[in-house]
Structures are given as structure tokens and as C-alpha cells.
Amino acid sequence: MNNNFNFQSFLFISPKKIIISVNDEFTFEELYKKENTIKNDINEISFEYINKFLDENILKIEKKLNSFIEKIILIVDSDDFIPIEISVKKQNHNQLLTQESLKYSLNEAKDECKKNFEEKKIVHMLIKNYIIDNNKYSSLPKNKICNNFSLDIKFICIPINLIKKFEETLKRYQISINRIVSAGYVLNFFSQNEHSIIRNAKDIINGCNENEVRFINKAHKNIGFFEKFFKLFG
């Protein structure tokens with residue numbers, strides 16, 4: 001099979017619905033999509049149903065594309081996601097406030113979250129507010145000189161034991177998890193957007209929310225300054 005074919009695979013999972021979608025990585029043309037409704041009265045993710053659904057679709061996809069699915073992006077709709085909020089304050093000594101100025105504070109907040117919630121994994125890190133010399137901003141202002149600033153940061157975390165269940169399920173098909181996305185965050189960010197949850201999740205991954213600290217693979221080369229600023233996680 002051809003492993004050089006450029007496509008992205010998405011798996012949306014909720015207690016009531018499951019969708020698998022494979023799209024051209026560059027044009028986002030839909031190459032394969034299957035959606036099933038789950039009929040049950042329990043508001044929990046059914047791994048038995050996930051196994052059955054993947055059994056019915058993975059081989060079909062790989063035959064159609066003549067390529068193996070090696071990685072998949074999980075979009076999970078679950079009450080197991082936990083929001084954690086942290087505020088950090090720093091002196092800036094009447095200097096220009098830049099993205100570089102924020103690095104230490106963001107790393108400090110991330111480390112504090114990881115230390116206090118060891119059984120959780122951060123999947124999204126969002127800057128809710130910038131408070132600069134006691135003035136609140138929703139985004140980082142340009143060319144701002146200040147004495148001090150604080151950041152209100154929101155982490156969206158998922159239990160590690162739930163991730164392990166997903167990993168064990170996908171391992172049966174030699175598939176690893178490329179990224180986990182919170183469906184609740186995606187739906188809240190886009191509100192009444194007409195696009196599908198799959199397309200909106202891709203936009204989130206691509207950095208459409210300027211206040212999300214992005215997860216960048218440390219192996220990436222030749223990245224710009226803006227991406228380097230967000231290169232906090234591996």
C-alpha cells in the first residue's frame with residue numbers, strides 16, 4: 001500500500017454519535033466519511049460500539065485509499081473533560097510587552113497545572129484575558145509598554161486513563177493518536193458556524209483561535225517566530 005498519500009483522518013466520538021472522516025490534507029476534499037448514531041440511554045462513551053464501528057470501516061478506508069491509516073485525530077465529546085483555570089502575574093518594568101515576554105508565564109502556568117493534576121493531560125491551553133496595568137484585553141495588544149501584566153489561562157484536560165482506553169482500542173488497527181480535540185470547545189468557539197465538527201476541529205488545530213497556545217511538534221524545522229512562541233509542548 002501507498003503510505004505517502006497525503007490525507008488526514010478524523011474520528012469523532014460521543015455517547016450518541018460516531019463519525020470517521022478521511023480528507024485530503026491540503027484541499028480538505030472528503031475522501032471517505034461514515035456516520036452512525038448510537039442508540040442507548042447511557043451518557044457514556046461505548047468502547048464496544050467503537051470497536052464494532054472501526055471493524056466495519058477501517059479496512060474499507062484502507063482499501064479505497066490504497067494506504068494505511070497510521071495516525072488519527074480524535075474529536076471527543078465527553079463530560080470527562082475538565083476545565084482548569086490559573087492566573088499568573090508578572091512585572092514587566094515599563095518594557096514593551098511582546099509574545100516573548102509571555103513565555104515564562106505560560107510555561108509556569110503549564111507546569112503548575114501538570115504538577116497539580118498529574119492524572120490529567122492538557123489538550124487545550126487558552127489565554128482568556130490579558131490584564132495589562134489593570135486594563136483587560138481579549139487579545140494581546142500591539143506596541144504596549146507596561147509595568148505589569150497578568151494572564152487568565154484556561155486548560156482543558158482529559159483523564160489519562162481515558163486516553164489509554166482510546167489508545168488500546170486503536171492499537172488493534174495499528175493506529176496511533178495524532179491529536180485529541182475537545183468537541184465542546186470546538187462547538188463553543190464556532191457557535192452557529194455552518195461547517196461540520198470535522199472542518200471546525202481542523203481549523204482549531206490549524207490555529208484559528210489566536211488565544212490558544214498551540215501544541216507544536218519540537219521536531220519541526222524552519223518555523224517562524226509566532227510558531228516558536230507557541231512551541232511549549234512536545
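Ala, Val, Leu, Ile, Met, Phe, Trp, Tyr, Cys and Pro count here as nonpolar, Asp, Glu, Lys and Arg as charged, and the others, Gly among them, as polar. On that footing, the lining of the second largest pocket in this predicted model splits into 10 nonpolar residues, seven polar ones and three charged ones.

That pocket holds about 340 Å³. Its lining runs to 20 residues, and sitting nearest the centre are Leu126, Lys154, Ile156, Tyr185 and Asn188. Two or more lining residues come from each of E5, E6, E8 and helix H4 (183–190). H4 makes the largest contribution to the lining, with five residues.

Now for the sheet that E5, E6 and E8 belong to. It is an open, four-stranded affair with antiparallel pairing, and its strands are ordered E5-E8-E6-E7. Strand E5 (82–97) and strand E7 (135–137) form the edges, each pairing on one side only. From one strand to the next, the twist averages 30°.

Within this sheet, E6 (residues 120–132) and E8 (residues 144–159) run antiparallel and are joined by 11 bridges. One of the residues to look at here is Tyr130, whose bridge partner in E8 is Leu151. Helix H3 (residues 160–171) also comes in at this point: it lies across E6 and E8, at about 55° to E8. So much for the pair itself; as noted above, E6 and E8 also each give two or more residues to the pocket lining, as do E5 and H4.

Note on methods: Residues are numbered from 1 along each chain as its sequence is written. This is a predicted model: local features need pLDDT of at least 70, side-chain atom pairs count only at pLDDT 80 or more; totals for chains, interfaces and linings use all residues. Side-chain values use heavy atoms; hydrogens and water are left out. Two strands pair if DSSP finds at least two bridges between them. Axes are lines fitted to C-alpha atoms, for helices over the stretch in contact, and angles run from 0 to 180 degrees between N-to-C directions. Contact means heavy atoms within 4.5 Å. On a 1 Å grid over the protein atoms alone, a cavity is a set of points where a 1.4 Å probe fits but cannot get out, and a pocket is an open set with protein on both sides within 12 Å along at least five of seven lines; lining residues have an atom within 4 Å of a point. Grid points are joined across faces, edges and corners, and a volume is the space filled by probe spheres set on the points.
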